[in-house]
Amino acid sequence: MIGRKSESFRNLFNVIMTGMLFLVVTILYKPVSRNAIELFIPDIMGTGLYLKLDIFRYIFVWITVFIWFLTTIYSTRYLIKYKNRNRYYAFFMLTLSSTIGIFLSEHLLNLFTFFEIMSFTSYILIIHDEDEYAHEAGKSYLGMAIGGGLVLLMGLFLLFDYTATLNISELPLKIKEIGSIKYLVSGLIIIGFGVKAGMVPLHVWLPKAHPAAPTPASAILSGILLKTGIFGILITTGVIMEGDILISTIILILGFINMFLGGLLAIFQRNIKRILAYSSMSQMGYILMGIGLIGILKEHKAVAIYGTIYHIINHAIYKGLLFLGAGIIYMILHDLSINEIRGFGKHKPILKAMFLTGIFAVIGIPGFNGFASKTLLHEALLEAQHIYHNGWFTVAEIVFILSSGLTVAYLLKIFIAVFVEQNEKYWGQYKHHIRKRVSIPLITLSGVIVYIGIRPNAVMYVIDGALVTFGLQKGLEAEFYTLNNIKASLLAVAIGVTIYIGFVRKYLRKQKGSESWYVNPSLGWLNIEKDIYSPVLKFVYRFSSTILHAIDQSVMNIVNYITNGIKAFSKMEIKYMCYKKLNIYKKMQLFSNSNEKNSYHLANYIHNISPEIYNVAGVLNKLRNSLNSMMYSVFIFATILVIVLLVLFL
Amino acid sequence: MSNVFVLFPIVFPFIAAVAVSTIKFRNEKWRNIFIIFSVIINFISIILILNTEGLVAFHLWTVNNFLDIYFKIDEMGIFFSILASILWIFTAFYAIDYMKHEGREKIFFVFFILTLGITVGIAFSGNLFTLYIFYELLTLATFPLVIHSGSKEALDSGKKYLIYSFGGATLILLGMILLFSINSNMDFVARGVLSGAVENANLISIVYALMFLGFGVKAAIVPFHSWLPGAMVAPTPVSALLHAVAVVKSGIFAIIRISYFIFGAEIVRETHDNIYLSILIVITILLGSLLALHQENLKKRLAYSTISQLGYILLGIILLNENALIGGLLHLVNHAVIKITLFFCAGAIYFTTGKKNISDIRGIGRKMPVTMWCFAIAAISLIGIPPTNGSVSKWYLALGGLNANKILFVVILLLSAFLTAAYLLPIVIAAFFPGGDKVENESRVEPPPRMLIPIVMLTGVVVFLGFFPNAVLSFIGEIVRMVI
């Protein structure tokens, strides 16, 4: 609204608003760390608005506000060439408030409300470009978001029906009493949240929506909005179900599939944002794995909790950085295909350094924040292996390391293509395009990455407070920089480099003279959306449409049939009568062979009769035509009454 | 003496209607003022009656037990009459400007006011016979409104409307006669008049099914629904009222009356009719929302949407438990408000741009932002997404479904909600995000304020009822506790 008057004032206003929010939230840490804040406003939506802020939620809120603040600064610059900026900012802020609402809600219905608002407002961010691709992406996003929301709602209905409460803190006790229906309930809820979290096989919207949205929107989409789904799953499995083994195992397996599939598909992509989107999917896999392990480890779950929450924080930070970095390239070149932007960053040391920081963080190189969380998750996995001595966990660990290798490979692909390769088109021009306002968020994020990487225990201290939510008291001292951990990290890097050299360079990169480009063979592969969801949906749609059309027209059809039937009947009668007359005539003829005069008379008689019969039909027809609607309805009325009375008296 | 005053809100519109048709007004302005005043006076008189008299009853004319015109005001009647008269005021304002381009306003307003009186009459009816009389009158009074434009299409639709309605009325009359043979008392009493031992259960079952289907014609239950999309040729204020309160909701109101005030929930449950009828209702819900997807004409799409939403309300009634009935009644209010908003928006688009089809209205959000915002909010509400009022009623309906141990119903509700999104959101998206470059010199063409203000206010009600449904909820809760 303000933006109509003045662009710069609006920008300033937004930055200040998010900045203030950031400050307020940061200051809130002290009181929250002592005691959880609760807020209850009755009468809203029939159930009241029930918000709660404890450390567990605080972490989510803080990271949300932090990333939002930086992307707002970034947006003011990035969007300068876009149209409809006011709309963008309005919905950007609405999305922020609803996201915070999700993290704060204590009542699941409030959470659902905010969740739906967020789906809608973020939809508007995704289709901001309004071109065909954006609409296409937006359609799958919205369709899946609404579908997921309704599945979630179904779960909530059932939950409320069985437990009569939707307050998160009361649910763990109640849900124990309802027996095995809880699996259905939590399954539905997890599917609902899983759509947002990009869980396989509900991830199809994710790689489409990220490239379609403007970069700041993709940054928050990947950094924060995916986390709302994760938050929901975490609440459901970790808190409400108290880490039920069955659910946890399913989440764990899905996590591994996510992790591996995301990484694998990322390697094939050529659009930077799409690579990053698949990378997000893969990282969600790590987090899901962490959530699964929380349940599986039972008493030893502390390490998994640390790992999960830590990775959530880290992923938000470094994926934000990478997206914003990619955004700078897009801002200048308006292209994201690595074939086009090849070698763009060779002469851009600052951007290169930023990107490298982000990449190292994702990979988990010691000294960057990703290392800390990945180590914790790895520890958790080893712990599980240690407890259960199960062959599957060995497989799991292999998948884990392999996925880390894939991560290295696809990031190397971006990095080498964009920042190392030679391209005579780009020699360091466009310097003037990058303003300070854009680089501030990037530098801040890289700073945070390095800081956490060097002092990983600082965050651990904060997460200590979140353990209460999961029913744990004592914290955990973690030693990050041990030889083993570093070795594991380096092993992943080694595998990644091998994959890159052995696979990416060989098969995906075609060279012709000095020209080289990347191909994407996975385009022709089975696409879950195109090959499974759409056809099934279409089939169901067509099938049910046909049936319902038939029902729709049924009354009319029946009436038509009856009319036609009556018509046919009347014709038949006439024919029959004619036939009878003819018979008579024939009989007569037999009798009156000798009497020619008589037979002539009869023929004449028949000739006279038949028009008379036709005339009767004609009169009926005339009568029917002359009956107007009013008469007709009265006529029907009377007919039915007569029939009924007959039935009654019989 | 004071009881006669009950008749005032019913008779007054009749007088006003006659006045509109006979008095020669100096110009249109005076006539419009007269119309607005008479609608508002009617509303005030209803409020006054409620405040001063409490629950009253009044026999107008009694021949015997069967032929007895009897008015009684109870909570259910209050509920329905207030809803109708409030929405009538909005529509009156809207119609004054809208009808300018349809022409023949005089005839329109005569029947418009007449219909109000009849609707209030339906609400205040104290027994089945009175209800039936007004119900038939309603058909006759709305018929001229449907065929207002006088085109061939309109006449055909009107014919269809009449035939369906009288067909339904026949079933009702039959049911009434049979019912009279069972029980001579047909007054509306909470929990039903058929209390006690049920002797011939089969007959009761037949009677109930007959009456349900008969009134179901107006409530657009499959397979008696096809008059409703046909009646879309009527001018927008008419279709808005037809859909929101006057006709379809009268059908629903009558069904509530027979289910809970004549038969009573217990007896209906014993007849097992509710199970068979619920199959029909489920088909209604799915058919409405799925066929809405096929419609190109905006008003037709909304009409099919009404069919499916009415199915929700009927489902709430037929499930026969407390939560479901609360949900049904709440959805009756909510759907009325939402659908009238949607129709007003559709009418405003037609009024200002002359566009009827969905494919034509791409980018209309830029020209008419206020209207389309209202449309968007109402659409979201109809899908049932919080924090709008549609979500609250769906919540209760779903709980009712679960209380009746019918998970299938909840699944169908949600499926239909998804379809609702599928047929309404593309309109909003096409209107707001047409893509392409901004066309220069685009001027705002919002409808005139007398049309826009009702739209905006109704949208406000949609959101307000979403945030604070408790006032309506507690009133509905009172009714429901009385009848179950």
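**Notebook: chain B, its core, domains and contacts**

I began with Leu314(B), and found that, once its neighbours within four places in sequence are left aside, it is in contact with Ala219(B), Ile221(B), Ile252(B), Ile255(B) and Ile281(B). I note here that this is a predicted model.

I then looked up the largest nonpolar core, which has 381 residues, and found Leu314(B) listed with Ile59(A) and Ile126(A) as those with the most contacts inside it. Helix 13 of chain A, residues 302-333, provides the largest share of this core, 20 residues. Because domain 1 (1-271) and domain 2 (332-484) of chain B both give residues to this core, I record it as lying between them.

Next I turned to the domains themselves. The assignment for chain B gives domain 1 as 1-271 and domain 2 as 332-484, and I noted that their C-alpha centres lie 25 Å apart. Their contact takes 25 residues from domain 1 of chain B and 22 residues from domain 2 of chain B. On the side of domain 1 that touches domain 2, the elements giving two or more residues are helix 3 (75-98), helix 9 (236-244) and helix 10 of chain B, and helix 3 gives the most, with eleven residues. By class, I have that side of domain 1 down as 17 nonpolar, four polar and four charged residues.

Helix 10 of chain B led me to its packing against helix 5 of chain B: residues 247-263 and 128-146 respectively, at an angle of about 170°, with the axes 11 Å apart. An angle over 145 degrees counts as roughly antiparallel, and I therefore enter helix 5 and helix 10 of chain B as roughly antiparallel to each other. From helix 5 the contact is made by Leu128(B), Leu131(B), Tyr135(B), Leu138(B) and Thr142(B), and from helix 10 by Val247(B), Ser250(B), Ala254(B), Arg257(B) and Ile262(B). I sorted the residues of this contact into seven nonpolar, two polar and one charged.

Last, I looked up how chain B meets chain A, where 41 residues of chain B are in contact with 39 residues of chain A. On the side of chain B, the elements that give two or more residues are helix 6 (152-182), helix 12 (273-292), helix 17 (389-403), helix 18 (407-432), helix 19 (449-467) and helix 20 (470-483). I entered the residues of that side of chain B as 32 nonpolar, seven polar and two charged.

Definitions and conventions. Residues numbered from 1 in each chain as written. Chains lettered and ligands numbered in written order. Predicted model: local features only at pLDDT ≥ 70, side-chain atom pairs only at ≥ 80, totals over all residues. Axes fitted to C-alpha atoms, helices over the stretch in contact; angles between N-to-C directions. Helix = DSSP H or I, 4+ residues; strand = E, 2+ residues; numbered from the N terminus. Parallel < 35°, antiparallel > 145°, perpendicular 65-115°, else oblique. Contact = placed C-beta atoms within 7 Å. Nonpolar A, V, L, I, M, F, W, Y, C, P; charged D, E, K, R; others polar. Domains from an automatic or database assignment. Core = buried A, V, L, I, M, F, W, Y, C linked by C-beta atoms within 7 Å. Buried ≥ 20, exposed ≤ 12 C-beta atoms within 10 Å, placed from the backbone.
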